[in-house]
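This report covers the contacts between the protein chains and the DNA strands, and then the arrangement of the two chains. Please view the sequence and the structure before reading on.

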There are 2 protein chains.
Amino acid sequence: MDDISPIRAKSGTNQEGTSAHNRRVMIEALRLNGALSRADLARATQLTKQAVSNIIEDLESDGLVVALDAVRKGRGQPSTPYRLVPEGAFAIGLHIDRHLTRAVAVDLMGSVLARAEANLPFDEPSKGVEIILELIAGVRRDLAGISAQSEKRLVGLGVAMPGPFGLKDSDDKWMMPAWQKFPLLETLAKGTGLNVGLQNDAAACATAERIVGAAHGVDHAVCLYVGYGIGAGLILNGELYSGSNGNAGEIGMALLAPAGPGSTPLEHRASLASLYQHLGLNPADSDIYKQMNALALAEDAKMMAWIEGAAHDLRWSVHLIESIFDPQTVILTSGAPAALARRLVEAMQPLLPSIADRPGRMLPRLQLGTTDPWSIALGAAAAPISRAFDPLFSAILKTSSAPV
Amino acid sequence: MDDISPIRAKSGTNQEGTSAHNRRVMIEALRLNGALSRADLARATQLTKQAVSNIIEDLESDGLVVALDAVRKGRGQPSTPYRLVPEGAFAIGLHIDRHLTRAVAVDLMGSVLARAEANLPFDEPSKGVEIILELIAGVRRDLAGISAQSEKRLVGLGVAMPGPFGLKDSDDKWMMPAWQKFPLLETLAKGTGLNVGLQNDAAACATAERIVGAAHGVDHAVCLYVGYGIGAGLILNGELYSGSNGNAGEIGMALLAPAGPGSTPLEHRASLASLYQHLGLNPADSDIYKQMNALALAEDAKMMAWIEGAAHDLRWSVHLIESIFDPQTVILTSGAPAALARRLVEAMQPLLPSIADRPGRMLPRLQLGTTDPWSIALGAAAAPISRAFDPLFSAILKTSSAPV
DNA sequence: CTAATTAAGTCAAGCGAGTTGACTTAATGC
DNA sequence: GCATTAAGTCAACTCGCTTGACTTAATTAG
């Protein structure tokens, strides 16, 4: 968003933009509906049969779609459905957390094909980056073993890490101060030769839910992510919204009351960090996930007390989110074990009344989303895929760098 | 959003979409930058000189832009700047409130050319509609007196009224139950022969700020509107966001705490309705505006007490909005007299710390926006203008079927 | 005062993605 | 068997943006 000229204006478009958009529309339609024939696509996208035929032919020769057996359905010539080819594109996703980093390789459909994790030194990013680069290299090697074309078809590296980004220098331990200052993206771009993009962890979670989860094909959804911190990933008009500085949805530091004793950040009440503190656990313990799972399954009293408290605040967070965004659904995801997340969602019932409490709803107000701890890395990987293949406004305009 | 076919897909586009987008981009560029030459436009929009020339020629013959005197600026042939023609398009805006309705006619630049108001029976919409239709007809006559082409160039009728819309039947007096049930849009469309669109009042306020106010050219802004109720108008990525049911930003009914005695709707603490109640005023009084102005100027003790309380809650609302949206700025607008609104904004200082408290800010965190009571009607009128002339994603697609 | 330079804007041919309408292919159903 | 229905192709066409050369008109250097 740097202004080269002092004149403010949106970019124009031309036939290239048209064609890029139509390709993306086809891909999205196949992703959302499974296999479709050219005639189906023509009806769904309002394009002519001929235009669709040309585009599909193109996509087929690019190895992004493939024909299935013809199917007869009533009168007329049988139709030939096409589906996406998972191996048509790949992306690497990287999740950087306080004590741990995970890397995955995914395909066009969002299937995870390779994964690796490693511990991370909390305050030594220059060392950490070496670990990360090795991790990525390993995942790439694994991927190359699965598909010979993987390197050619790699669209980018998506990075997810806790936000918020770009604030005042601070030593707040929540914010991984050493990492905030480190030129991470540049280093990774140089070290991998890939296009690199950054999201916060909650946004990545929403991206994951959108490609292979509860938000698949939902255009207005908010994804509450309860991890070490807490954040919301916003899907508005079918696109991830990141705000003016990439910090939209960073509700962890939001105060629960304007003043007085109740005026604590949400993060201090409803996050895994607060749970660890409540239980006296050490977040750097390698088996902490197992410990929590055991406590959740045993309905440990102390944990249940924390759940009650967190649910109290989260119930209200959902109420606020519904009032502000009017989403089709709210999805709660978590880095915690599934048993814990499930109990948390149960404890949030009944939800507070809100404008979401309307007749004719199609989706539940609150759903439990993915609780796989790898889902943030998956979402990170899904971001470059989305950028390359989803129908976005920015993809139509003339300087939408790096299309594919 | 009705699915004609069971296949979910975005619409494709073609040269018409391209051309429509480029026209809109030109218009927006002229709106944001004043007068620009063809060469300027070509640089700003990344289109070729020739393409711009053709489009400008088109716009000129459509009466939307006009050439100014050539200006010399250094070497080379002098450039001929073009500017928008205010009389290039008109729209009618209608603001329906509990006891009052206002209609305005605006031009392409958002200047109000005619206005009229009338009292409205609170719970008799069928009578009310007749009053409204007459009001609109009067404004249209006035407009016709100003420009002979006004009828030909009328792009639509925008309606703003308090939300939320489409909830369960209720007798909540806040929500104007009789009006919610009445088929208002259909009746107005039939009665005026115009395209009709609906927004809630806060959204209209944001639309007004965007066309001629503090949000002019700002792509990420939240507009807090303190009227009879309270709501937020959301400008995200340069477009108004209305949520999945047009109720985004309806924070009036949001509870200030999850439970307990503090658990009241924001609307009961920070809205003009709460002020009227606090002061024992009757909102149906025709001189209530003057009364409030007098009290504000006199720094009436009771009013100052209300301001303190409202500012307390609003300060926190801004904090939450900043945490959630990461906007470039928050704009407070109000139907209250300017003196009152100014005191309210002052009382909100200092703001609570938040992620908006970052280095390198270009805009203030909180600004006082328009306090003209006609601004909602203006925003209502600006909506059809925006829909017809702003570069929107939906404008590129093939069936930009009239949504709202 | 002239010539070189710089920049705005036009001209005319070309390109290319979607459109159009007729045609082919291949099923079902009466 | 023949009419009907629908998928998909062919080939000519359209129309908005692009390309590159050209014209116009100013400033600046010598």
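By class, the surface near DNA strand C has five nonpolar, 18 polar and five charged residues. Here Ala, Val, Leu, Ile, Met, Phe, Trp, Tyr, Cys and Pro count as nonpolar, Asp, Glu, Lys and Arg as charged, and the others, Gly among them, as polar. The model is predicted: local features need pLDDT of at least 70 and side-chain atom pairs count only at pLDDT 80 or more, while totals for chains, interfaces and linings use all residues. Residues are numbered from 1 along each chain as its sequence is written, and chains are lettered from A and ligands numbered from 1 in the order in which they are written.

A residue is taken as near a strand if its C-beta atom, placed from the backbone, lies within 6 Å of it. The table sets out the surroundings of the two DNA strands.

| DNA strand | Residues around the strand | Closest residues |
|---|---|---|
| DNA strand C | 28 residues | B:Asn14, B:Ser37, B:Ser53, B:Gly76 and B:Thr80 |
| DNA strand D | 29 residues | A:Asn14, A:Ser37, A:Ser53, A:Gly76 and A:Thr80 |

Around DNA strand D, two or more residues each come from helix 2 (38-45) and helix 3 (49-61) of chain A, and from helix 1 (15-33) and helix 3 (49-61) of chain B. Helices are DSSP runs (H or I, at least four residues), numbered from the N terminus. The surface near DNA strand D holds five nonpolar, 19 polar and five charged residues.

The two protein chains also touch each other: 68 residues of chain A are in contact with 68 residues of chain B, where contact requires C-beta atoms, placed from the backbone, within 7 Å. Helix 1 of chain A gives the most to this side of chain A, with ten residues. The side of chain A that touches chain B divides into 30 nonpolar, 26 polar and twelve charged residues. Of the interface residues of chain A, 100% are also interface residues in chain B, so the copies meet through the same surface.

Chain A superposes on chain B by a rotation of 180 degrees with 0.0 Å of shift along its axis (RMSD 0.0 Å); the fit is by least squares on the C-alpha atoms of residues with pLDDT of at least 70 in both copies. The two copies are therefore related as by a two-fold rotation axis. In chain A, the C-alpha of A:Phe393 is nearest the axis, 2.8 Å from it.
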